[in-house]
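Student: I would like a close look at one part of this structure, the surroundings of the ligand. Please take me through them step by step, and then through the spaces inside the protein.

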Amino acid sequence: MKNEVMTLGVIGLGRAFTLMLPTFVNHPKLQLVAASDPRQDAVNRFSTEFNAKGYSTAEQLCADPNVQAVYIASPHQFHVEHVKLAASHGKHILVEKPMALTVAACRDMIAAAQAAGVHLLVGHSHSYDLPYLRTREMILTGQFGRVRMINAVNFTDFLYRPRRPEELDTRAGGGVVFSQAAHQVDVVRLLAVSRACSIRAFTGNWDSKRSTEGAYSAQMSFADGTFASLIYSGYGHFDTDEFNGWWGELGQLRDSNEYGRARATLKKAHSPAEEAEMKNRRAFGPMGTDSFRLSPNISHNHFGLIVVSCEHADLRPMPQGVVIYGDEERRIETLAPPSVPRAEVVDELYNAVVHGKPPLHSGEWGLATLEACLAILQSAESGQNVPLEYQI
Ligand SMILES: NC(=O)c1ccc[n+]([C@@H]2O[C@H](COP(=O)([O-])OP(=O)(O)OC[C@H]3O[C@@H](n4cnc5c(N)ncnc54)[C@H](O)[C@@H]3O)[C@@H](O)[C@H]2O)c1
């Protein structure tokens, strides 16, 4: 093994893992060396496919001395336990979004990482996507004046993708606020370049068969006077990929004629157990996915329509670059297509683990985003503006 390669162990070989697989397999500075999952068939396939260690418990994985960093992609409710476990074994950590279900759990995770002297990063979230990082760099040059307003709009079929029962129960971390606002709030916070102060929000729960939040509309205010509007619908009707030339969230080119596919597919599941089984077929397993083989035609990941209004330009990050609508001209700053999708996630983790560079998406960053997501739920419930305490 080359010195500069970081070794990674995985906790949870489900859907999120399959989405990160193309990154893990193709990133030159990372080697997958171990994984754990209660699904033994998935572990067996992982070991064979990647010539790596397979474990049935997270504890065994964290005790493996060959693992430098752990990617935690277990369901939300296990994040706190798995982060503490990994930290207690001295492993650096990348934990999936949402970081946890409560502010207290996030604080415990941060304290555990600090006590162990390890880096804790939260991601993947779409705020790692290159078009958003590049837009932030452009904003920080000051050439467009200060950010004044951000509009973020995303319409998807999120609620009709196959789910485990707890993913449709808000009290257990279900619904679009925990799973999708975690992306959108992250992107908006990244681009606002100021500390968030408060949130006023409304949520929609419109399908009694899937009784959790499927939509929200939130207004966020920031310390420097910036205000942002965050709108999300996962009800599978209008689709904002239309605004991105039908490039999908994962950088794949979509067929615009496949209208209503998520709902139609879901009809084939006749019980929560059948639906969970349907979800499992999208996870890594014996019949698993070949998603780690790179498609030749990919763009950057994205999270719907985002427009950042600065004093002298509107900036619109898109899958192929950033469109600048300036005072006198409109132009696009093109970004080369990614050679490795979501490479920025591994880059940030690697730079923290190998070079000691403090990560942007730290535990404190993840806590701030989770606090804002919880504030969306709280504001919708109370009808009040909710002040934010843990913003950075
Ligand atoms: N960033 C993204 O694009 C993205 C996409 C999907 C999911 N996620 C996040 O990833 C996490 C997992 O979601 P998912 O959709 O992959 O769920 P999933 O059900 O598909 O996968 C979870 C996996 O964890 C395993 N697991 C359960 N208990 C475990 C334990 N105690 N130890 C080890 N493994 C365990 C399950 O067997 C399963 O393989 C969630 O927090 C979700 O928000 C992120």
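Tutor: Start with a sorting rule. Ala, Val, Leu, Ile, Met, Phe, Trp, Tyr, Cys and Pro count as nonpolar, Asp, Glu, Lys and Arg count as charged, and the others, Gly among them, count as polar. Keep in mind that this is a predicted model.

Now apply the rule to the ligand. Its shell has nine nonpolar, eight polar and eight charged residues. In total, 25 residues surround the ligand. The closest are Ala16, Asp37, Lys97, Arg164 and Lys279.

Where do these residues come from? Look at the helices. Helix α1 spans 15-26 and α4 spans 79-88, and each supplies at least two residues of the shell. The largest share comes from α1, with three residues. Next, look at the domains. Domain 1 covers 6-125 + 342-361, while domain 2 covers 127-339 + 373-387. The shell draws at least three residues from each of them.

Now go down to single atoms. Arg15 comes in through its backbone: an N or O atom there lies 2.9 Å from an oxygen atom of the ligand. Arg39 uses its side chain instead, with a polar atom 3.0 Å from a ligand oxygen. His124 offers a backbone N or O atom, which lies 3.1 Å from a nitrogen atom of the ligand. How much of the ligand does the protein cover? On its own, the ligand has 830 Å² of accessible area, and the protein covers 88% of that.

Stay with His124 for a moment. A cis peptide bond joins Gly123 and His124, with omega at about 5°. His124 sits in the loop between β6 (120-122) and α6 (130-140).

Lys97, one of the closest residues to the ligand, also takes part in a cis peptide bond. Its partner is Pro98, and omega is about -15°. Pro98 is found in the loop between β5 (92-95) and α5 (103-116).

Both Lys97 and Pro98 lead us to the cavities. The structure holds three cavities of 30 Å³ or more. The largest has a volume of about 70 Å³. Lys97 and Pro98 are in its lining, together with Met99, Val122, Ser125, Ala182, Asp186, Gly366, Thr369, Leu370 and Cys373. Use the sorting rule again: this lining divides into six nonpolar, three polar and two charged residues.

Which helices help to line the largest cavity? Helices α7 (176-192) and α11 (363-382) each supply at least two residues. Helix α11 gives the most, with four residues. Like the ligand shell, this lining draws at least three residues from each of domain 1 and domain 2.

Follow α7 onward and you reach Val193. Val193 lies in the loop between α7 and β8 (196-204). Its phi is positive, about 45°, although Val193 is not a glycine.

Finish with the second largest cavity. Its volume is about 60 Å³. Asp129, Leu130, Ser299, His300, Asn301, Pro338, Pro341, Arg342 and Glu344 line it. By class, that lining has three nonpolar, three polar and three charged residues.

Definitions and conventions. Residues numbered from 1 in each chain as written. Predicted model: local features only at pLDDT ≥ 70, side-chain atom pairs only at ≥ 80, totals over all residues. Heavy atoms only, no water. Near = heavy atom within 4 Å. Polar contact = N/O pair within 3.5 Å; in protein donor to acceptor, adjacent residues only side chain to side chain. Areas by Shrake-Rupley, 256 points an atom, 1.4 Å probe, with all protein chains shown as cover. Domains from an automatic or database assignment. 1 Å grid on protein atoms, 1.4 Å probe; cavity = no way out; pocket = protein on both sides within 12 Å on 5 of 7 lines; lining within 4 Å. Points joined across faces, edges and corners; volume = space filled by probe spheres on them.
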